[in-house]
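User: I would like a close look at one part of this model, the sheet and the charged side chains on and around it. Please keep to what can be computed from the atoms.

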Amino acid sequence: MESLTELRVRYAETDAMGIVHHATYPVWMELGRSDFLRELGQSYADWEARGVRLVVNEIRVRFRAPARYDELVQVRTFLRESGRRRIVFGYRIERDGLLLAEGESVHLVAGSDNRARVLPEDLLALVQGR
C-alpha cells in the first residue's frame, strides 16, 4: 500500500534562497505517515489512545531537486518493514513526477510511558495488510 499526501509549499517553509528548507522534509514525512495510518483505517491518535507510540529512532533524507514556494508537492508514503518492535516507513517527495527527495524513518514501538513494548497483534496485522 502507498498513501499520497499533496501539499502546497508555504512561504515559511522556504529559506533565504527561496528553496524549501531541509528541516521541512521530516515534517512532510510525518504528514505522510499520519495519512498512511489514517488510510489503513486508524489514526495515530487512535494508537496513542490505546497506549501505543511510535518513537522516532532514525530519519534519513536524500535530496534530489529543490522545491520552492507555492509549488504543489506530493508525499508518497509506504511501508518498508514492519515487526512487533520496529516499523520502517519509506517516502518519495515529488513534484509532477520529478523526485525531489526520498527517505525513510525508523520507529520503535513504545507504551505511553515511553518504555519499549511490542505492537499488539491487531495493529501489526493492520500495517501488514493482513
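User: At 24% relative accessibility, does R76 count as buried, partly exposed or exposed? Please start there and work outward through the sheet, the helix packed on it and the salt bridges.

Analyst: The model is a predicted one. R76 counts as partly exposed, because its relative accessibility of 24% is not under the 20% limit for buried and not over the 50% limit for exposed.

R76 lies in strand β3, and its side chain meets that of E94 in a salt bridge, 2.8 Å from N to O. E94 lies in strand β4, and the pair links distant parts of the chain, 18 residues apart. The acid partner is buried, with a relative accessible area of 7%, whereas R76 is partly exposed. The pair also belongs to a wider arrangement: salt bridges that share partners join E2, R76, R92 and E94 into one network.

The strands that hold this pair are part of an open sheet of five strands, ordered β1-β3-β4-β5-β2 with antiparallel pairing. Strands β1 (2-8) and β2 (52-63) stand at the edges; each has a single partner strand, so one side of each is left without a neighbour in the sheet. From one strand to the next the twist averages 25 degrees. As background, the strands of a sheet pair through backbone hydrogen bonds, either parallel or antiparallel. At one end of the order, β2 pairs with β5 (residues 98-111) in the antiparallel sense over 11 bridges. Within that pairing, V55 stands opposite L108 in β5.

Helix α1 (residues 24-40) packs on the sheet and touches β1, β2, β3 (72-82), β4 (86-95) and β5. The direction of helix α1 makes about 135 degrees with that of β1.

R33 lies in helix α1. R33 is buried yet has no salt bridge. The nearest side chain of opposite charge is that of E30, 4.7 Å away, and a salt bridge needs the nitrogen within 4 Å of a carboxyl oxygen. What R33 does have is a polar contact between its side chain and the side chain of H107, at 3.5 Å. Not counting residues up to four places away in sequence, R33 touches V56, T77, F89, Y91, S105 and H107.

Next to consider is G90, which has its place in strand β4. G90 is buried, with a relative accessible area of 0%. Leaving aside neighbours within four places in sequence, G90 is in contact with R76, T77, F78, R80, G103 and E104. R76, the residue asked about, is thus among the contacts of G90, and T77 appears both there and among the residues that R33 touches. G90 and I59 are 31 residues apart in sequence and 10.0 Å apart in space, C-alpha to C-alpha.

On the charged pairs more broadly, side chains of opposite charge can pair when their charged atoms come close. The count for this model comes to 16 salt bridges. One of them joins E13 to R10, with the closest N and O atoms 2.7 Å apart. Here E13 is buried, with a relative accessible area of 7%, while R10 is exposed at 51%. Another joins D113 to R117, again with the closest N and O atoms 2.7 Å apart. D113 is partly exposed, with a relative accessible area of 40%, and R117 is likewise partly exposed, at 35% relative accessibility.

Two loop residues complete the picture on the backbone side. D70 lies in the loop between β2 and β3, and its phi is near 75 degrees, a positive value in a residue other than glycine. D70 is partly exposed, with a relative accessible area of 40%. N114 lies in the loop between β5 and α3 (121-128), and its phi, near 65 degrees, is also positive in a residue other than glycine. At 54% relative accessibility, N114 counts as exposed.

To return to the starting point: R76 is partly exposed, its salt-bridge partner E94 is buried, and both sit in the network with E2 and R92.

Conventions. Residues numbered from 1 in each chain as written. Predicted model: local features only at pLDDT ≥ 70, side-chain atom pairs only at ≥ 80, totals over all residues. Heavy atoms only, no water. Pairing = 2+ DSSP bridges. Helix = DSSP H or I, 4+ residues; strand = E, 2+ residues; numbered from the N terminus. Axes fitted to C-alpha atoms, helices over the stretch in contact; angles between N-to-C directions. Contact = heavy atoms within 4.5 Å. Buried < 20%, exposed > 50% of the residue type's maximum accessible area, 1.4 Å probe, protein only. Lys, Arg positive; Asp, Glu negative; His and termini not counted. Polar contact = N/O pair within 3.5 Å; in protein donor to acceptor, adjacent residues only side chain to side chain.
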